[in-house]
Amino acid sequence: MHALPLSDLTLALASLPAPYQLRVQRDDDDDFAAALYSATRDDLRQVPADPAVIEQLIAMQRRMQSQGYRQAYPHAAYLVLQHGDTSIGRLILDRQDKVLHLVDIAILPSARGQGAGSAVLRGLQAQAGADQLHIHLAVNKSNTAARALYQRLGFRLRGENEVQEQLAWSAP
């Protein structure tokens, strides 16, 4: 088992069409990462509680997610998706042998539906195909837009539980 070397990422990073680009996440991206996570948690904002308590809950959930990812995928690459000079999303990738695991992809709600997700996934597919890798990911069953995107791009069901589907893609 080995981590995804950043040199392998160079090709995936370069394969995105303009105006999209990926770059390695830096320490000064913490505020963006927090805002991105918060923007994706409207489910928690539906809870009937004081807004300050909800924001604390969101911050706690973000810390738990981050710790969980770092523990489960200690060699993962953390990337920021940009549209021009504007950060619009985040991607976490981990390579283990012949599997490129898309641990997480998140795009700001205001940037969704404009081709960024497709561009990133097609870039990953091109790199995975060239390196003879499979791509694995999990998606919440309630995330119908993401599930439809993955299906359009050729991802197939490889397992599921009550909450998520585990999907896989392999080069034809």
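# Exercises on a predicted model

At 10% relative accessibility, Gln125 counts as buried (buried means under 20% relative accessible area, exposed over 50%, partly exposed in between, with a 1.4 Å probe and protein chains only). This is a predicted model, in which local features need pLDDT of at least 70 and side-chain atom pairs count only at pLDDT 80 or more, while totals for chains, interfaces and linings use all residues. Residues are numbered from 1 along each chain as its sequence is written, and side-chain values use heavy atoms, with hydrogens and water left out.

**Exercise 1.** State where Gln125 lies and which residues it contacts, leaving aside its neighbours within four places in sequence.

*Solution.* Step 1: Gln125 belongs to helix α5, residues 116–130. Helices (H or I, at least four residues) and strands (E, at least two) are DSSP runs, numbered from the N terminus. Step 2: with contact meaning heavy atoms within 4.5 Å, and neighbours within four places in sequence left aside, the partners of Gln125 are Ile135, Leu153, Phe155 and Trp169. Step 3: two of these partners face each other in the sheet, since Trp169 in β7 is the bridge partner of Ile135.

**Exercise 2.** Give the strand order of the sheet and identify its edge strands.

*Solution.* Step 1: two strands pair if DSSP finds at least two bridges between them. Step 2: seven strands make an open sheet of mixed pairing, ordered β1-β2-β3-β4-β5-β7-β6. Step 3: β1 (20–24) and β6 (156–160) are the edge strands, each pairing on one side only. Step 4: on average, neighbouring strands of this sheet are turned by 30 degrees against each other, direction ignored. Step 5: helix α2 (residues 30–39) packs on the sheet and touches β2, β3 (86–96) and β4 (99–107), with its direction at about 90 degrees to that of β3. Axes are lines fitted to C-alpha atoms, for helices over the stretch in contact, and angles run from 0 to 180 degrees between N-to-C directions.

**Exercise 3.** Describe the pairing at both ends of the sheet.

*Solution.* Step 1: β1 and strand β2 (residues 77–83) run antiparallel and are joined by five bridges; Tyr20 has His83 in β2 as its bridge partner. Step 2: β6 and β7 are antiparallel over four bridges and form a hairpin with three residues between them. Arg156 stands opposite Ala168 in β7. Step 3: strand β5 (residues 134–140) is joined to β7 by six bridges, also antiparallel. Step 4: five of the six residues of β7 are buried, so this strand is largely enclosed by the rest of the structure.

**Exercise 4.** Characterise the surroundings of Leu102.

*Solution.* Step 1: Leu102 is part of strand β4. Step 2: its relative accessible area is 2%, so Leu102 is buried. Step 3: beyond neighbours within four places in sequence, Leu102 contacts Leu91, Ile92, Leu93, Leu121, Leu124, His136 and Leu137. Step 4: its C-alpha atom and that of Tyr69, 33 residues apart along the chain, are separated by 11 Å.

**Exercise 5.** Determine where model confidence is lowest and highest.

*Solution.* Step 1: pLDDT is the predictor's confidence in each residue, from 0 to 100. Step 2: the protein has a mean pLDDT of 90, and 91% of its residues reach 70 or more. Step 3: the lowest confidence is in helix α1 (residues 6–14), at a mean of 53, and the highest in strand β7 (residues 164–169), at 98.
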